[in-house]
Amino acid sequence: MQQSIDTYDFKGKKAIVRVDFNVPLNEQFQITDDTRIRAAIPTLKKVLAGGGALILMSHLGRPKGVTEKYSLKHIIYRIEELLGTKIKFAPDCMKAQDYVKDLKPGEVLLLENLRFYAEEEGKPRGLADDATEEEKKAAKAKVKESQKEFVKTLASYADCYINDAFGTAHRAHASTALIAKYFPNDKMFGYVMEGEIKAIDKVLHGAAHPVTAIIGGAKVSSKIGIIEHLFDVVDNMIIGGGMVFTFVKAQGGKIGNSLCEDDQMDTARNIIAKAKEKGVNLYFSKEVVIADKFAEDANTKVCHNYEIPDGWEGMDAAESTLKEWEGVLMDSKTILWNGPVGVFEMEKFAVGTKRIAEILAKVTAEKGAFTLVGGGDSVAAVTQMGYADKVSYVSTGGGAMLEYLEGKELPGIAAIRE
Ligand code: AMP
């Protein structure tokens, strides 16, 4: 049975918490963005305030074995600063028994990077490039077998399990899903997970209408799942960014050198037909800013997305497009935004993306709309542009959020609920 972190009695208990401490580090191993550590603090403080002890587990990067560069010891200083207490460190997550035994209420133990072991992900390592299918199968079976012991050992450290790592909730890894079965009556979400699930559910289930989704980014192929699933939820869908040109070409437009996925023409046509069938209004960037090269110092002009001359490419939504979108967005009560509507990494072509951020802030403040921003690049955009605290919710789980929006069941969520 799933428990609630708000009502669970942590007194005298050891809680093992799957956090997402996968933070970026510079060459000197200093943390360059501590957002993920800060996000976990309320959950950790709740356990400590309730009289529990904490065992923290996370991955960092993509090590293929024990790698100094990916040691979680580099981030201890920041956890200590943010928690306001010294923490202990177990340099091998499979050999933490003695540390755990001595752990007292109010104390915190951090386990070394889970991914130093292949068993965390349950994927074989070190296979030769020319390994046969049979060898691959055998290696997979072997790691799956040893994974059982890995999960059991982690579970043996604690009395209860908290999953607060939304960013890895779409992976069925040892620490994100498999471990939960050892705590049938003592498993729960942390506040990060709860917040993310609540925010996305607010869009997917029972949202206030009109509901509008803004889907941008480079490729149709990576967004097809979310576009189709959202058709059951939204009234309007704004499609911007590089993927627009695949739609335009599929309908016979001239797109010059613009980004295009030639193998997605049928997909694009199907999406347009499906929108009609479901009564969803589709808005593309009709007028676009085009450039004569993919560079900040390119020459630019504005043109219709069907008439892009040879040698030019679409880089951003133009003013008339943004005006049209603004009208739709200001009348919306629920808005989901995923993906930039232009090449926002270059200042010259960040205008459209910035305007979307501004409009979302405005409709949130002035009309009380619920605005959810998610997916790596749109989150980076709202954060860089200073709008992160002016929208209703910024989701930190890129891939996990996308899969949740596609209607998939995430293993990390299912394992707690089941
Ligand atoms: P995604 O990861 O699919 O959300 O795509 C994000 C990327 O799409 C960013 O790096 C943007 O620069 C890129 N992008 C957005 N609009 C365009 C465009 N018109 N042409 C090329 N790339 C674009």
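Okay, let's start at Gln147, which is buried, with a relative accessible area of just 5%. That comes from a predicted model, by the way, as does everything else I'll show you. Gln147 sits in helix 4, residues 133-156. So what is Gln147 in contact with, leaving aside its neighbours within four places in sequence? There's a run of glutamates, Glu119, Glu120 and Glu121, then Gly122, and also Ala174 and Leu178.

Right, on to the sheet. We have an open sheet of seven strands here, paired in parallel, and the order reads 1-7-6-2-3-5-4. Which strands are at the edges? Those are strand 1, residues 2-3, and strand 4, and each of them pairs on one side only. If you look at strand 4, three bridges join it to strand 5, and the two run parallel. One residue to click on there is Lys88, whose bridge partner in strand 5 is Leu109. Then there's helix 1, which packs on the sheet and touches strand 2 (14-18), strand 3, strand 5 and strand 6 (160-163). The direction of helix 1 makes about 150° with that of strand 3.

Now helix 2, residues 76-83. Its buried residues are Ile76, Ile79, Glu80, Leu82 and Leu83. And yes, there's a glutamate in that list, Glu80. What covers them? The cover includes helix 1 (35-49) along with strand 3 (53-57), strand 4 (88-90) and strand 5 (108-111). Just after helix 2 comes Gly84, with a positive phi, near 75°.

Next, the cores. As a bit of background, nonpolar side chains in soluble globular proteins tend to be buried together. In this model, the largest nonpolar core has 79 residues, and the ones with the most contacts inside it are Ile16, Leu111, Phe166, Leu230 and Met237. Helix 5, residues 191-204, gives the largest share of this core, seven residues. And where does the core lie relative to domain 1 and domain 2? Domain 1 (14-189) and domain 2 (197-405) both give residues to it, so the core lies between them.

Let's zoom in on Phe166. Not counting residues up to four places away in sequence, Phe166 touches Val192, Met193, Glu196, Ile200, Ser395, Gly397, Ala400, Met401, Leu410 and Ile413. Apart from that big core there's another one, of 31 residues, including Val19, Ile37, Leu54 and Ile75.

Last stop, the aromatics. Searching the whole structure turns up four aromatic pairs, and I'll show you two. Tyr161 and Phe183 form a stacked pair, 6.2 Å centre to centre with 25° between the planes. Tyr161 is in strand 6, while Phe183 is in the loop between strand 6 and strand 7 (187-189), so this pair ties together parts that are 22 residues apart in sequence. Are these two buried or exposed? Both Tyr161 and Phe183 are buried.

The other pair is Phe247 with Phe284, and this one is tilted: 4.9 Å centre to centre, 45° between the planes. Here Phe247 belongs to helix 7 (residues 244-250) and Phe284 to strand 11 (residues 281-284), so the parts being tied together are 37 residues apart in sequence. Phe247 is buried, at 0% relative accessible area. Phe284 comes in at 16% relative accessibility, and it counts as buried too, because the cut-off for buried is under 20%.

That's my tour, thanks!

Key. Residues are numbered from 1 along each chain as its sequence is written. This is a predicted model: local features need pLDDT of at least 70, side-chain atom pairs count only at pLDDT 80 or more; totals for chains, interfaces and linings use all residues. Side-chain values use heavy atoms; hydrogens and water are left out. Buried means under 20% relative accessible area, exposed over 50%, partly exposed in between (1.4 Å probe, protein chains only). Helices (H or I, at least four residues) and strands (E, at least two) are DSSP runs, numbered from the N terminus. Contact means heavy atoms within 4.5 Å. A nonpolar core is a set of buried Ala, Val, Leu, Ile, Met, Phe, Trp, Tyr and Cys residues joined through side-chain atoms within 4.5 Å. Domain bounds come from an automatic or database domain assignment. Two strands pair if DSSP finds at least two bridges between them. Axes are lines fitted to C-alpha atoms, for helices over the stretch in contact, and angles run from 0 to 180 degrees between N-to-C directions. Rings of Phe, Tyr and Trp (its six-membered ring) pair if their centres lie within 6.5 Å; planes under 30 degrees apart count as stacked, over 60 as edge-to-face and the rest as tilted.
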